[in-house]
Amino acid sequence: MTWLNPWMGLWSLLAVPVILLYVLRVRRRRLSVPTLLFWDEVFEESKPRAWWQQFRHLISLLLQLALLAFVIAALADPLTAGQSSERRLWILLVDRSASMRCPVDIEAIGSGTRLVAVVDEARGIAGRMREWDEAMVVAFSDDAQVMCGRTDDPGSIMKALAAITASDRPGDIARAVAFARSVRAGERILEIVLCTDPQGAAAVEDRGDLRIVTAGHPAPNLGITAFATRPVGESRDRQRILLRVLNNSPTNQSCSVSLRANDEPFDSVFMDLGANTSMTAVVETSLPTGGVVEATFTPDGPDALAADNRAFLAVPPPTPLRIAIVGAGSNLFLREVFSAQPLVRVTHLAPAQADGLTTEQFDVVVFHGHVPEALPPINSLYLSPEQDSELWSLGDTMTNMFLHASADDSPLLRHVSLEQIIVRQARALGPRGGLVLLRSLETPVAAMWWREGHKVLAVSIDLERSDLPLRTTFPIFVANAIRWFEETTTASFGSFQTGNLATLRARRTSGLVAMDPEGNPVPVSETSGQVQAGPLESVGIYTLADATTGDVEQRFSANLLHEKESTTFPQDADALSASETSASIPKGRPIWFILTLLAFALCLIEWGLHHRRVVE
Amino acid sequence: MNFDVTRPELLVLLAGIPVVWVILRHSLVDMKPRQRACSLVVRCLILLFLVLALAGLSVGRPSNRQQVIALVDASASIREVSMAVALEGIEKMRSSKRKEDRLDVIYFAEQTTPLIPVEEDGAWTNGLPETWPDRGTDLTLAMQQALAQLDPSYGGRILVFTDGIVTGKDPASQFVGVSQAGKRADVVPVSSGDQPEVQVVGVNAPAKVHVGEPFPLHVTVQSREETEASVAVFVNGVRSHEEKVTLNIGENHLRFRQVPGDERVLRFSVQIHAEADQFVDNNTGYALVRTGGKPKVLLIEARPQDGKHLRWALQKEDIEMEIRSVRGIPRSVADLQNFDLMLFSDVPATDLTVEQMEMVRAYVRDLGGGFVMLGGENSFGLGGYYKTVIEEILPVRTDFERERETPSLGMVLVIDKSGSMGGQKIELAKEAAKAAAELLDARDQLGVLAFDGQSRWVSEIHNAADRDYIIERISSLQAGGGTDMGPALSAAFSALEMTVAKLKHVIVLTDGHSTPANFYDLVTAMRSSGITISSVGVGSGADQELLERIASWGEGRYYFTSDPLSIPQIFAKETMTASKSAIKESPFIALPLVAHQVLQGINFEDSPFLLGFVITKPKPTSELILVSETGEPLLALWRYGLGKVGAFTSDAKNRWAAEWLEWPGFSRFWAQLVRETMRTTAPGRMQVEVQPEGDHATAYVELPKDAIQAGGSSPDEAVVMRIIGPDLEPEEHALEQIAPGRYGASFPTRDFGDYHVQVSRSVGGQALNQAETGYSKGYPEELRLKPPDHAAMRGWSAAATGLYDRNPADVFLTDRLEGYRVTRIWPLLLQLALLLIPIDIALRRIEFPRLG
């Protein structure tokens with residue numbers, strides 16, 4: 001046995017006064033009485049009858065010495081041969097991903113969540129920490145967050161553990177473990193305690209350096225794993241919605257997914273799902289003013305995870321595309337052809353007004369002839385450009401020619417017929433990068449480019465000296481171009497995943513607050529001209545609002561949509577239960593604690609024995 | 001001051017105190033009332049102290065001590081400048097901190113250093129290890145490490161010296177976490193400095209061009225100062241252009257006119273060189289360009305002039321064919337991607353490296369290319385393809401059961417087991433010998449003789465039917481000793497003389513110089529006895545001259561290889577060649593077995609004789625289309641992964657197909673076979689786009705509009721992406737539908753080089769759409785020097801309730817944060833309890849008059 005504080009043994013000198021006090025005879029209280037007759041009788045009757053009562057005095061002394069010994073031994077802090085006096089750094093790595101919201105036992109009524117169970121285990125470990133040990137608390141989902149830096153104070157650890165909240169975020173256990181392994185423990189021995197659920201434990205590469213605490217059992221789950229939308233139709237008032245549901249259970253399940261738009265039901269999708277299969281459905285709905293689309297289902301049987309039983313989409317209203325036509329003349333035919341497109345607002349600008357155009361003013365700028373010195377970082381269509389730019393150089397003028405497609409699979413040339421179109425005049429277009437769309441013989445006359453955050457399309461045909469604008473092909477080409485530009489200006493294809501930062505293109509980037517579905521504030525920051533909100537903790541609809549007036553500027557949604565997180569009944573569930581714990585967590589209290597507890601008990605017992613005069 | 005308990009549940013033990021009082025109430029002990037009360041108080045105090053110690057009572061009090069961790073960006077892009085700014089700032093902090101404060105530093109790039117205390121000895125200034133992974137900036141990891149090291153008993157603050165350019169995960173959520181943990185993080189912006197630097201920031205070219213269509217290669221070069229530089233453009237590794245340019249400060253746009261040849265994939269690399277340049281690693285940029293045009297086929301032919309007949313035949317059918325000798329076998333996937341089909345005609349496996357064979361497999365399996373092997377004396381089993389990855393992709397097996405009338409073979413393998421053959425060489429030689437045992441027929445005989453300074457029979461000449469025994473004996477072979485080949489050859493000679501076999505052959509393998517002996521007399525004597533000898537030299541240490549002579553005298557074949565991995569192919573080839581059983585050279589008529597589009601419109605009843613073929617055996621799931629009159633495979637096809645593979649066991653030149661060359665069906669047959677097996681792009685193109693981001697890239701696939709089903713996708717639908725990266729290891733990823741008609745999946749791009757992406761969509765196992773694209777990863781993102789991202793840094797410091805552009809000198813002086821210092825007092829409580837124990841006893845044993 002090792003004593004960590006052997007000098008505490010000096011306290012054993014206290015045994016000397018204790019023994020002396022017992023060696024001294026107790027001086028009886030002096031009391032004057034008229035006769036000893038009754039005393040003698042009582043004294044005779046109260047003579048010790050049992051042999052051990054002869055030693056009452058000695059037993060009392062021994063009990064007092066034992067009490068003393070327990071406390072001194074506790075102070076000296078002994079360790080058994082199996083216990084180590086090495087200094088350790090414990091990392092309590094607590095999984096707070098969505099699957100940790102599952103009940104520990106889905107069959108038991110009122111069963112706590114897996115998170116509560118593992119946090120309780122972690123608290124127990126913190127309570128058993130030796131005082132020369134240090135610990136830190138790291139909560140993780142898709143990202144690891146240090147809740148408490150390294151400290152030897154169990155109270156701080158307990159508080160940090162209590163502060164861990166459940167989330168709807170997916171988990172990235174490998175990243176969290178990699179971080180824990182990278183923590184520099186210095187002179188200390190690094191001990192990583194991974195607190196997760198069985199499938200989390202199975203997902204981690206165990207190199208024998210993890211102590212794994214798990215809670216929960218494989219449980220069947222139905223969950224939405226994809227929910228996204230895209231506008232369809234030229235007027236963009238209809239949405240095509242993708243929905244995928246996973247049945248992660250060993251039996252067939254069916255469910256009816258209710259779809260609602262702005263709280264009004266518009267469709268219901270019945271899904272009959274085989275064991276461990278997914279089913280995808282695509283439905284369409286009309287959303288002329290945008291709004292919130294919600295998919296929910298109530299499972300018939302046991303269902304482990306609630307966060308994936310619903311999904312949301314915030315569909316922005318189909319706002320008109322703001323198009324500026326920049327050119328010297330009236331450009332009447334251009335204005336007509338663009339104005340004829342649905343959901344388009346056309347503005348005409350003179351070249352002098354075109355400097356410094358931004359995405360806050362216009363979604364697309366059509367330059368007719370005029371080419372600014374520096375191409376603006378905005379979706380741009382250059383028709384009949386008259387100058388070179390950083391994206392192209394103009395070559396010789398060509399006359400009387402036919403066109404043919406160079407990239408016939410491009411969405412810009414969908415339904416575009418180039419037969420019998422005679423171009424009277426065009427300039428050879430020498431594109432720098434990008435993709436050639438149209439050519440005459442081997443000479444490019446139209447090309448497109450994808451640049452950071454915007455697109456550029458250039459057509460070097462002289463529209464005023466061609467019959468192209470008179471053909472039905474031209475409005476089709478313009479409609480294709482508008483749709484092509486729109487893909488970068490309209491809403492994203494779906495929603496944000498929980499755990500991510502929502503990067504939003506707002507009309508302004510300051511004075512905004514974001515609220516989560518429960519109305520709690522979400523951190524907002526500005527980055528590179530965009531607004532970032534998050535990380536998004538829970539599933540639902542979020543709002544971005546004016547900080548002073550509270551007017552909602554934008555809504556956005558967050559969904560779990562994570563197949564791994566919804567897989568709470570892995571197909572290799574049997575293997576999981578076998579590999580739950582790779583190394584056992586040390587149990588039991590330190591010896592000083594047990595000795596103190598014994599001292600406490602002895603203190604009570606000795607008091608009782610003394611006052612009942614069993615010992616004296 | 002606050003008190004806290006870590007085990008509050010143990011406070012229930014305080015119930016012992018009323019118990020003490022109750023016991024006292026019923027006490028039989030006679031004590032004065034006051035002394036009794038004192039005794040009660042002392043005993044209760046003892047119990048109280050014990051309970052509080054058990055409950056883990058601690059005392060906490062606010063602390064004004066500060067801990068500041070300086071997080072210094074030591075990534076390659078700004079290391080020197082950042083270090084200079086940080087060292088100055090840290091020095092200011094050190095001089096202004098109080099004695100009780102802590103100042104530490106962590107350097108970060110791809111990884112982080114341990115926490116280094118800032119002390120007077122200045123050790124912290126040299127905190128970077130010698131090998132420091134600086135080709136990345138993972139601020140997320142650095143923030144996590146710093147937060148982990150902040151002691152809660154101090155007011156904690158992180159001071160980040162950075163330019164705001166990160167290559168890892170967005171660290172914004174870590175800064176949010178800092179404020180949630182009651183700490184703060186300030187940012188000190190660092191500019192990447194003004195040292196001379198020239199970098200290629202972009203090489204732009206059209207994703208797809210037509211053959212012969214001139215297009216500009218647009219190169220963007222950034223320079224920090226006006227300078228002269230030379231620019232070189234390489235196309236598929238060949239320098240196509242070089243010129244001197246004058247670079248201005250900022251972005252410079254250079255254009256180079258390119259005219260694509262008939263290669264299907266053009267890999268451009270642009271290199272720039274300037275006299276004064278901080279980093280040279282960012283001076284190269286890459287671009288991949290695909291060309292559209294006629295289908296293109298590559299024929300690898302042992303004698304390229306023999307391929308002209310096939311080329312003419314295909315040209316008639318508008319298929320372009322390139323003929324190369326075995327030396328022209330592509331060495332990169334990009335080169336192979338130029339072709340839709342590759343044909344091997346009389347190409348032995350010994351002329352291919354293992355990597356090349358694996359590349360062919362990846363080309364077929366993962367990139368959908370076609371492959372056809374034609375017959376010849378160096379094809380199939382005779383080419384040594386037994387147990388190679390090429391045999392794996394072929395629809396026929398190269399081993400077979402020989403006919404009764406073929407002559408029996410007696411063969412001895414004479415293997416050098418000297419010390420220099422140790423390790424991989426001897427293991428491969430053993431594998432090769434085992435393969436030879438497997439390839440031989442039951443009527444053949446095989447002996448294995450090993451030699452070093454002496455010779456020893458590993459397995460004496462045994463009937464090959466006893467191959468299990470032979471293989472077991474071969475496994476016992478160990479390397480060690482000198483090299484004396486003469487006695488071994490003599491022993492082999494003697495043994496073979498005693499053997500009854502029509503053909504007798506010796507294969508001798510060595511990697512060294514043998515002790516001199518009269519090899520000429522020995523080998524000519526062996527030859528006179530009807531024994532042929534082939535020799536194999538391994539590595540530059542082999543006596544190539546002697547081995548070549550031995551093969552010549554012994555009328556066998558000589559092989560030299562510097563790659564021990566090709567030893568099994570050499571032995572397999574030699575075994576098949578020596579047994580003279582794999583070739584059947586007699587006129588025969590090709591017989592169609594099934595109606596197939598390859599045979600459509602061709603009347604095989606009128607077809608002339610073929611004069612020979614290589615004997616093979618069809619694999620169970622292959623499609624046997626043409627057979628010989630005796631039923632051996634002539635044409636077999638099957639699908640392997642994404643591609644199709646054919647085996648035509650006769651040839652297409654004037655050896656065995658001399659009469660076919662004049663036949664009108666020749667061109668049609670070969671055109672239809674080529675079209676059947678070459679890579680096809682199904683109608684309805686998918687659009688594939690690759691977006692690189694850090695150490696991974698995401699591929700997005702747009703289905704053709706007609707492929708989006710209103711009711712949802714079929715449960716049997718699978719959209720799969722195969723990626724061949726620079727390591728040639730194919731990776732397969734299932735793409736997930738992320739929106740109606742749009743699929744996406746990420747793949748890691750840790751290595752630098754070309755990534756070829758092949759996407760296929762199938763329903764119920766039937767391929768409906770295919771698309772391909774490529775992405776070339778150049779230098780690490782870290783070396784793409786950019787101006788500091790002030791907006792991001794402002795956002796981070798705001799999220800962490802810290803200051804942007806914080807003056808380090810003020811950090812310890814203003815805005816000090818409060819920590820919380822906790823002291824555990826259980827030892828103190830136990831000592832108090834100890835002190836009270838004698839008092840408790842004294843109160844019982846001594847009568848104190850004053851307490852009367």
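**Entry 1: helix H4 of chain A.** I started with the buried residues of H4(A), and they are Arg114(A), Leu115(A), Val118(A), Val119(A), Ala122(A), Ile125(A), Ala126(A) and Gly127(A). Worth jotting down: this is a predicted model. I then looked up what covers those buried residues, and the list includes strands E3 (88–95), E6 (189–196) and E7 (210–214) of chain A, plus helices H5 (154–162) and H7 (198–203) of chain A. I also checked the length: H4(A) runs over residues 114–127, and its 14 residues should span 20 Å at 1.5 Å a residue, so the 20 Å between its end C-alpha atoms agrees.

**Entry 2: helix H3 of chain A.** I tried the same check on H3(A), residues 56–76, where 21 residues reach 30 Å from first C-alpha to last, close to the 30 Å expected. Right after H3(A) I found Asp77(A), with a positive phi near 55°.

**Entry 3: the core.** Next I looked up the largest nonpolar core, which has 57 residues. Leu68(A), Ile46(B), Leu50(B), Leu830(B) and Leu834(B) have the most contacts inside it. H2(B) gives the most to this core, 12 residues. I picked Ile46(B) and listed some of what it touches, including Cys603(A), Ala833(B) and Leu836(B).

**Entry 4: where A meets B.** How many residues does each chain bring to the contact? I got 101 from chain A and 96 from chain B. The buried area is about 8600 Å², with 60% from carbon and sulfur atoms. I counted six salt bridges between the chains; Arg43(B) and Glu606(A) meet in a salt bridge at 2.9 Å, N to O. On the side of chain A that touches chain B, H12(A) gives the most, 13 residues.

Methods
Residues are numbered from 1 along each chain as its sequence is written. Chains are lettered from A and ligands numbered from 1 in the order in which they are written. This is a predicted model: local features need pLDDT of at least 70, side-chain atom pairs count only at pLDDT 80 or more; totals for chains, interfaces and linings use all residues. Side-chain values use heavy atoms; hydrogens and water are left out. Helices (H or I, at least four residues) and strands (E, at least two) are DSSP runs, numbered from the N terminus. The expected span of a helix is 1.5 Å times one less than its number of residues. Buried means under 20% relative accessible area, exposed over 50%, partly exposed in between (1.4 Å probe, protein chains only). Contact means heavy atoms within 4.5 Å. A nonpolar core is a set of buried Ala, Val, Leu, Ile, Met, Phe, Trp, Tyr and Cys residues joined through side-chain atoms within 4.5 Å. Buried area is the accessible area (1.4 Å probe) that two parts lose on being put together, summed over both. A salt bridge is a side-chain nitrogen of Lys or Arg within 4 Å of a carboxyl oxygen of Asp or Glu. Lists of a residue's contacts leave out its neighbours within four places in sequence.
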